[in-house]
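Open the model in a viewer and set it to cartoon, with side chains ready to switch on. The tour goes from one selection to the next.

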Amino acid sequence: MNDIANRKNQLDMAAYWMPFTANRQFKADPRLLVAASGMFYRTDDGREVLDGTAGLWCVNAGHGRPEIAAAVGPQLLALDYAPSFQMGHPLAFDFATALAKIAPAGLDRIFFTNSGSESVDTALKIALAYHRACGQGQRTRLIGREKGYHGVGFGGISVGGLVNNRRAFLTLPGADHLRHTLDPERNALSRGQPAHGAERADDLERLIALHGAETIAAVIVEPVVGSAGVLPPPVGYLERLRALCTRHGILLIFDEVITGFGRLGAPFAAQYFGVTPDLMTTAKGLTNGAFPMGAVFASRGVHDALVQGPENAIELFHGYTYSGHPAACAAGLATLEIYAREGLLTRAAELAPTWEAAIHALRDCPHVIDIRNLGLMGAVELAPRPDAPGARGYEVMVAALKAGLLVRFTGDTLAFSPPLIINEAQIERLAATLRSVLADLK
Ligand SMILES: Cc1ncc(COP(=O)(O)O)c(C=O)c1O
């Protein structure tokens, strides 16, 4: 660590093309993290930073867990890699079995990937293959939602609804979108799920009328929108979407890359809301962010429709070199043990009232126009500066980091998703730091 810290001024930053980053702005004034433990990061200049974002919504059990390191290191020495096409290794089966035990009812067939983006593209491909296997190969349309974020693969950006992630690229023909559910006029400053907007699920009826239900393969939504600024679903919205999909033979996919693994106080959002999709995409908290990995959970119905026919035939022509990587599985199994031992998959339910009270107490801070929360997710939305939309969000992130708090921002919305090990004093500290940063914001 000291080595890295001492090298700060000598780091050659030209070669590393950073993702989703203003590269030139960053490299002119870099923000470097060099260590992490529990709820805190440490910066290159030795300052402690409270992690308000679980890294990137992924370090649910907190940083530097020795149990995960102890599982991964020996695994790399015992079996560093095994091919997963027509070969197997025990940990992949063990991990899938352990995941099936915490999965929403019936979603117990698990396909491994290496990221959220790959999980999304995998789920979309499974949906297409499923309909073909059922003799409905004409069902090729994929429906996402405005403001949705489903990673950066071509499938994910096609069903995604964030214009900056789409405009420079090709998107799949046949993708269409429901309207988003953000409705500040009726729902601003709602605590938990907003009361208004369930009827926006009926947009699916409009798309069915436009395209024909028999052409639609799947609808994909984040049960709680994450990247676009934490939008809990209106009361009744997901139930309505589920009913419409079922009625019209359309598969429902929940993208649980953020909401999975305890973020809302249940293992998955599907259980929290009592709405079960046909496919569920995950990543991030799957390995506590310690190892790149994703997983798609499929219903028996979807799985069994595909896994049939001659026994010597490959049923799904899809997979990754690193699907079910032994070290990732070791990290994942160790992560699940931590979650179970420390009750982390339900801890957000206990902390949610404290969390809700703490972030809604910020409503009197300058520039705040909306606050949203569910489980251990939260967002504080600031009024954009008229001449510079997005500037306030960035400025808060920079100032908060200096004040010892890691904040994520999208435009002028600040998003929070602390590790699920956070305690009440740390919640108060997070809110107090933010209050003081907002007080100084122009
Ligand atoms: C809902 C959702 N889906 C997919 C992804 C993409 O995951 P990854 O960055 O691991 O590809 C993300 C990442 O934030 C996400 O929030």
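## From strand 8 to the ligand

Start by selecting isoleucine 220 and isoleucine 253: the two are bridge partners, the latter in strand 8. The model is a predicted one, so treat each stop accordingly.

Next, widen the selection to strand 7, residues 216-221, and strand 8. The two strands run parallel and are joined by 4 bridges. To follow the chain between them, add helix 10, residues 237-247. The path leaves strand 7, passes through helix 10 and arrives at strand 8, making a right-handed β-α-β crossover.

Now keep strand 8 alone, residues 251-255, and show its side chains. Which residues point which way? Leu251, Ile253 and Asp255 point to one side, Leu252 and Phe254 to the other, and all are buried. Because 5 of the 5 residues are buried, strand 8 is largely enclosed by the rest of the structure.

Add strand 9, residues 279-282, which pairs with strand 8 in the parallel sense over 3 bridges. Pick aspartate 255 here: its bridge partner in strand 9 is threonine 281.

Finally, select the ligand and the 14 residues around it. Those that come nearest are Ser115, Gly116, Ser117, Gly151 and Val257. Colour the shell by class to find 7 polar, 5 nonpolar and 2 charged residues. Which helix gives the most to this shell? Select residues 116-133: this is helix 6, and its contribution is 3 residues.

Notes
Residues are numbered from 1 along each chain as its sequence is written. This is a predicted model: local features need pLDDT of at least 70, side-chain atom pairs count only at pLDDT 80 or more; totals for chains, interfaces and linings use all residues. A residue is near a molecule or strand if its C-beta atom, placed from the backbone, lies within 6 Å of it. Ala, Val, Leu, Ile, Met, Phe, Trp, Tyr, Cys and Pro count as nonpolar, Asp, Glu, Lys and Arg as charged, and the others, Gly among them, as polar. A residue is buried if 20 or more other C-beta atoms lie within 10 Å of its own, exposed if 12 or fewer, and partly exposed in between; C-beta atoms are placed from the backbone. Two strands pair if DSSP finds at least two bridges between them. A crossover is right-handed if, with the strands pointing away from the viewer, the path from the first strand over the helix to the second runs clockwise.
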